[in-house]
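Work through the exercises below with the structure open beside you. Try each task before you read its solution.

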Amino acid sequence: MPTNTIDIIWNAATSVAPLGFVPVAIHFCLFDALVELDRPVKGQELLDAFPEKFCGRQTTAYDTLFAMTALSWVELVDGNRYKANDTTRHLARTPSALHGVLHFATEILFSSAFLMRKLQASDFEYPFAGLDTPMQFAYRAMGNDRLAQMHTYDIMAEEGRIASFNTFMQGKLGNERTMPERLTLLGYDLASVVEEARGQGQPVTMVDVGGGRGDMMLQVKEAIPGLEEKDLIVEECNPDITAIPGLSLVVWDYNAKNSPQPVEGALVYHLAGVFHNLPDLDAVRLLRKLSEAMAPYSRVLVHERRKAAVPGSHAAMVVLYGGRERSVEEWNELVELAGLQVTFYAFPDDRGLGVVEMRKKV
Ligand SMILES: C[S@@+](CC[C@H](N)C(=O)[O-])C[C@H]1O[C@@H](n2cnc3c(N)ncnc32)[C@H](O)[C@@H]1O
């Protein structure tokens with residue numbers, strides 16, 4: 001890591017254009033190619049080894065390879081040879097990482113580029129509403145009024161990007177602990193919550209709102225014996241997710257008007273990376289829908305990161321959805337408006353996922 005001021009500025013400022021080359025590197029499978037060759041190679045050697053990938057596009061491939069060294073995702077040896085490093089290998093072997101960087105270098109880079117223009121055009125109106133972010137502004141500026149009226153998730157689906165996004169979510173760049181393991185480390189015993197409910201004859205239903213391809217509920221199924229398909233529900237509104245073997249899938253658009261939470265009285269409503277997609281007003285609306293469906297024994301478990309640890313993610317949520325990361329103080333303010341209270345919270349020291357438990361006020 002550079003400690004010199006100019007290097008810090010230089011590295012950050014000059015990484016923006018190379019990020020634009022990331023989708024090109026992925027298109028040409030440059031990371032896989034370097035890992036497969038497993039030795040320092042000149043650009044031409046790489047192209048010769050995989051002629052079908054690069055035919056007629058040599059110069060683009062040379063520059064893309066060089067641009068990746070600016071991000072340190074590929075190593076430059078002796079000024080003119082390239083070799084895979086640990087980051088190259090991680091990208092090549094981890095679909096979530098590859099699709100994750102694609103998301104940042106596609107939607108997030110695009111929307112960020114229109115942030116200032118959007119602010120200038122609206123006399124710095126802020127915060128953004130979910131349907132009026134720099135993303136919608138950008139499409140309107142480009143004359144695409146159809147996409148300009150859509151939510152960023154719907155734009156990703158329209159642009160053929162939603163399956164890729166869902167793959168990113170399956171691991172969040174890689175090396176994630178399972179949710180039950182993570183909760184145990186945070187001092188929250190999910191198995192005991194289920195055990196206690198069984199002892200008191202309460203339902204053991206768990207709902208994962210916006211649960212993506214269902215990884216979190218599958219992890220719970222694996223970790224806590226006796227939970228069946230009917231007990232583990234994923235609620236989604238995502239054209240790429242139409243069935244999840246071993247789990248129950250319910251189609252629910254939590255943003256829609258007059259759409260109450262479809263599962264009443266669940267033991268736990270999980271929401272991972274959902275609230276940071278929402279502006280405050282929409283977050284309170286969703287909390288209210290949950291609160292109305294909750295029984296006295298129900299709890300909401302929000303799985304999000306410590307705000308102070310993820311300023312980059314906070315900025316990304318702002319430009320994509322008008323969303324935001326939240327501190328515990330901010331959670332306390334929001335839950336108050338929904339008739340709930342924060343009953344437990346814990347975050348790891350790093351940027352890993354933490355947990356906030358909310359229950360109905362008694
Ligand atoms: C950031 S992803 C998190 C996915 C998953 N919870 C995880 O942690 O991997 C947000 C999820 O919310 C879903 N989603 C977005 N808008 C939604 C809506 N209006 N109603 C229901 N689900 C929605 C998306 O399809 C996506 O799977």
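The exercises go from the sheet to the helices, then to the backbone and the ligand. The model is a predicted one.

**Exercise 1. Give the strand order of the open sheet, and state which strands stand at the edges.**

Solution. Step one: read the order across the sheet. Seven strands line up as S5-S4-S3-S6-S7-S9-S8. The sheet is open, and its pairing is mixed.

Step two: look at the two ends. Strand S5 (248–251) and strand S8 (340–346) each have a single partner strand, so one side of each lacks a neighbour in the sheet.

Step three: add the twist. From one strand to the next, the twist averages 25°.

**Exercise 2. Find the sense in which S6 and S7 pair, and the bridge partner of His-270.**

Solution. Step one: locate the strands. S6 covers residues 268–272, and S7 covers residues 299–303. Step two: compare their directions. The pairing is parallel and runs over five bridges. Step three: go to His-270. Its bridge partner in S7 is Leu-301.

Step four: check how S7 sits in the structure. Four of its five residues are buried, so S7 is largely enclosed by the rest of the structure.

**Exercise 3. Decide which residues of S4 lie on each side of the strand, and whether they are buried or exposed.**

Solution. Step one: recall the rule. Side chains in a regular strand alternate between the two faces of the sheet.

Step two: sort the residues. Leu-232, Val-234 and Glu-236 are on one side. Ile-233 and Glu-235 are on the other.

Step three: check burial. Both faces are covered, and these residues are all buried. The count for S4 is five of five.

Step four: find the neighbour. S3 and S4 pair in the parallel sense over four bridges. Asp-208 stands opposite Val-234 in S4.

**Exercise 4. List the buried residues of helix H16, and name what they pack against.**

Solution. Step one: find H16 at residues 215–223. Step two: pick out the buried positions. They are Asp-215, Met-216, Met-217, Leu-218 and Val-220. Step three: trace their contacts. These residues pack against H14, strand S3 (206–209), strand S4 (232–236) and S6.

**Exercise 5. State how many residues of H10 are buried, and what the buried residues pack against.**

Solution. Step one: count. Six of the eight residues of H10 are buried, and the helix is mostly covered.

Step two: name them. They are Pro-134, Met-135, Gln-136, Phe-137, Ala-138 and Tyr-139.

Step three: list the partners. The buried residues pack against helix H8 (95–113), H9, helix H11 (145–148), H12 and helix H18 (311–321).

Step four: look just past the helix. Gly-143 follows H10, and its phi is positive, near 85°.

**Exercise 6. Identify the cis peptide bond from Tyr-126, and place its proline.**

Solution. Step one: check omega. The bond from Tyr-126 to Pro-127 has omega near 0°, and is cis. Step two: place Pro-127. This residue lies in the loop between helix H9 (115–121) and helix H10 (134–141).

**Exercise 7. Cys-29 and Lys-172 have positive phi values; say where each lies, and whether it is buried or partly exposed.**

Solution. Step one: take Cys-29. Its phi is about 55°, although it is not a glycine. The residue sits in the loop between helix H2 (16–27) and helix H3 (30–37). It is partly exposed, because 16 other C-beta atoms lie within 10 Å, and burial needs 20 or more.

Step two: take Lys-172. Its phi is near 45°. The loop between helix H13 (162–169) and helix H14 (179–185) holds it. Lys-172 is partly exposed, with 16 other C-beta atoms within 10 Å.

Step three: contrast Tyr-153, in helix H12 (residues 152–158). Tyr-153 has 20 other C-beta atoms within 10 Å, so it is buried.

**Exercise 8. Describe the residues around the ligand, and the domain recorded at residues 205–340.**

Solution. Step one: name the nearest residues. Of 16 around the ligand, Gly-210, Gly-212, Cys-237, Asn-238 and Ala-272 come nearest. Step two: sort the shell by class. It has seven nonpolar, seven polar and two charged residues.

Step three: consult the record. An unreviewed UniProt entry places "domain: O-methyltransferase C-terminal" at residues 205–340. Step four: describe that stretch. The chain there is 32% helix and 18% strand, with its end C-alpha atoms 20 Å apart.

Definitions and conventions. Residues are numbered from 1 along each chain as its sequence is written. This is a predicted model: local features need pLDDT of at least 70, side-chain atom pairs count only at pLDDT 80 or more; totals for chains, interfaces and linings use all residues. UniProt positions are given in the numbering used here, feature names are shortened, and annotations may be inferred rather than shown by experiment. Helices (H or I, at least four residues) and strands (E, at least two) are DSSP runs, numbered from the N terminus. A residue is near a molecule or strand if its C-beta atom, placed from the backbone, lies within 6 Å of it. Ala, Val, Leu, Ile, Met, Phe, Trp, Tyr, Cys and Pro count as nonpolar, Asp, Glu, Lys and Arg as charged, and the others, Gly among them, as polar. A residue is buried if 20 or more other C-beta atoms lie within 10 Å of its own, exposed if 12 or fewer, and partly exposed in between; C-beta atoms are placed from the backbone. Two strands pair if DSSP finds at least two bridges between them. Axes are lines fitted to C-alpha atoms, for helices over the stretch in contact, and angles run from 0 to 180 degrees between N-to-C directions. Two residues are in contact if their C-beta atoms, placed from the backbone, lie within 7 Å.
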